[in-house]
Amino acid sequence: MGQQKKLKAYLKTKMPLWMLDFLYRNKLLLSYGPKYKKSVFSEIYRTNHWGDPESRSGAGSTISYTAALRDDLPKVLKEIKAKSLLDAPCGDFNWMKEARLDLKEYIGADIVSEIIAENQRKYGNENRRFLVLDITEDNLPQVDVIFCRDVFIHLSFSDVFRALAKFKESKSKYLIASTSPIIQENINVITGSMHNLNLELPPFNLPKPIRLIDDRQKGFIERWMGLWKIEDIKL
Ligand SMILES: C[S@@+](CC[C@H](N)C(=O)[O-])C[C@H]1O[C@@H](n2cnc3c(N)ncnc32)[C@H](O)[C@@H]1O
């Protein structure tokens with residue numbers, strides 16, 4: 001392989017987060033295209049960037065953090081008679097493997113192919129499969145519920161809008177997504193970094209959720225998961 005090709009291949013897969021950040025902030029990289037998003041989150045996964053010893057999806061994805069959520073979620077899914085669920089993104093499936101959900105079909109999706117291969121090997125079965133999908137770019141399967149936890153906080157506003165548009169295009173019925181009603185103003189960040197969001201505030205202006213599912217934990221900013229009918233979300 002020529003030197004230039006080698007360098008390009010290296011940058012695509014191995015560029016550290018700080019370097020992407022630097023290029024973006026200095027306008028040498030104007031936006032994150034699909035390849036960059038993949039490489040940012042692959043790098044986060046590879047280096048355990050969020051630094052939790054139990055879950056590479058971060059401290060919010062541990063068994064103890066999700067106790068209230070694991071209690072509440074099955075009740076809500078029962079109430080809305082959900083039988084199929086797209087968990088997008090599923091991350092490393094660390095806490096979800098402990099959830100007792102009465103579903104005919106569970107699909108876990110993530111942008112990082114290594115996570116998906118590992119999940120499929122460890123947890124795949126006839127009712128549960130894992131797919132490599134970029135929720136901001138790819139067509140998504142039609143399901144009763146799209147469950148979208150802790151990813152909008154890592155996406156730029158425009159990527160959040162792209163994902164919401166993909167959710168609508170999928171013709172799925174409900175969305176359950178992370179939101180922090182305590183946040184007074186949403187701040188745009190580059191994809192790969194982090195800021196908590198209140199989905200009811202600009203620029204998203206989602207309607208009041210039908211219901212809030214408890215996703216709080218001591219020592220963390222107050223977060224909930226809102227339930228919406230996807231047809232009620234106007235973009
Ligand atoms: C903080 S983790 C949360 C995972 C999971 N929802 C949970 O509660 O444990 C965020 C995940 O989003 C994935 N991700 C980021 N951007 C994505 C995208 N555009 N499409 C699909 N997955 C994405 C990352 O790879 C990472 O696994």
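**Legends for close-up views of the predicted model**

**View A. The cavity and its lining residues.** One cavity of 30 Å³ or more is present in the structure, a cavity being a set of points, on a 1 Å grid over the protein atoms alone, where a 1.4 Å probe fits but cannot get out. The largest cavity has a volume of about 40 Å³, taken as the space filled by probe spheres set on grid points that are joined across faces, edges and corners. Its lining (residues with an atom within 4 Å of a point) consists of Asp150, Ile153, Ser178, Thr179, Ser180, Asn196, Leu197 and Arg223. Sorted by class, these are two nonpolar, four polar and two charged residues, where Ala, Val, Leu, Ile, Met, Phe, Trp, Tyr, Cys and Pro are nonpolar, Asp, Glu, Lys and Arg are charged, and the others, Gly among them, are polar. The model is predicted, so local features need pLDDT of at least 70 and side-chain atom pairs count only at pLDDT 80 or more, while totals for chains, interfaces and linings use all residues. Residues are numbered from 1 along each chain as its sequence is written, and side-chain values use heavy atoms, with hydrogens and water left out.

**View B. The largest pocket.** The largest pocket holds about 820 Å³ of space, a pocket being an open set of points with protein on both sides within 12 Å along at least five of seven lines. Its lining has 47 residues, of which Trp50, Ser57, Asp150, Val151 and His154 are the closest to its centre. Two or more lining residues come from each of helix H2 (17-25), helix H3 (34-46) and strand S2 (105-110), these elements being DSSP runs numbered from the N terminus (helices H or I of at least four residues, strands E of at least two). H3 contributes the most, with four residues. In class terms the pocket lining is made up of 26 nonpolar, twelve polar and nine charged residues.

**View C. Helix H5 and its two sides.** Helix H5 spans residues 113-123, and its buried residues (under 20% relative accessible area with a 1.4 Å probe, protein chains only) are Ile115, Ile116, Asn119 and Tyr123. Viewed down the axis of H5, these buried residues fall within an arc of 95°, so they line one face of the helix; the arc is that of the directions from the helix axis to the C-beta atoms. On the other side of H5 lie Ala117 and Arg121, which are exposed, a word that stands for over 50% relative accessible area. The buried residues of H5 pack against H3, S2 and strand S3 (128-132).

**View D. The largest nonpolar core, with Ile135 and Lys166.** The largest nonpolar core, a set of buried Ala, Val, Leu, Ile, Met, Phe, Trp, Tyr and Cys residues joined through side-chain atoms within 4.5 Å, has 34 residues. Those with the most contacts inside this core are Leu86, Ile135, Cys148, Phe152, Phe167, Leu175 and Leu199. H3, S2, strand S4 (145-148), helix H6 (157-169) and strand S5 (174-179) each give two or more residues to this core, and the largest share, five residues, comes from H6. With residues up to four places away in sequence not counted, Ile135 touches Ala88, Leu140, Cys148, Val151, Phe152, Arg162, Ala163, Lys166 and Phe167, contact meaning heavy atoms within 4.5 Å. Lys166 lies in helix H6 and is buried, with a relative accessible area of 14%. Apart from neighbours within four places in sequence, Lys166 is in contact with Ile135, Thr136, Glu137, Asp138, Asn139 and Leu140.

**View E. Helix H4 and the loop that holds Ala82.** The buried residues in H4 are Leu69, Arg70, Asp72, Leu73, Val76 and Leu77, and what covers them includes S1, S4, S5, strand S6 (211-214) and strand S7 (224-229). Lys81, which follows H4, has a positive phi near 55°. Ala82 is placed in the loop between helix H4 (67-79) and strand S1 (84-87), and counts as buried at 4% relative accessibility. Leaving aside neighbours within four places in sequence, the contacts of Ala82 are Leu77, Asp102, Leu103, Asp144 and Val145. The C-alpha atoms of Ala82 and Lys104 are separated by 8.9 Å, although these residues are 22 residues apart along the chain.
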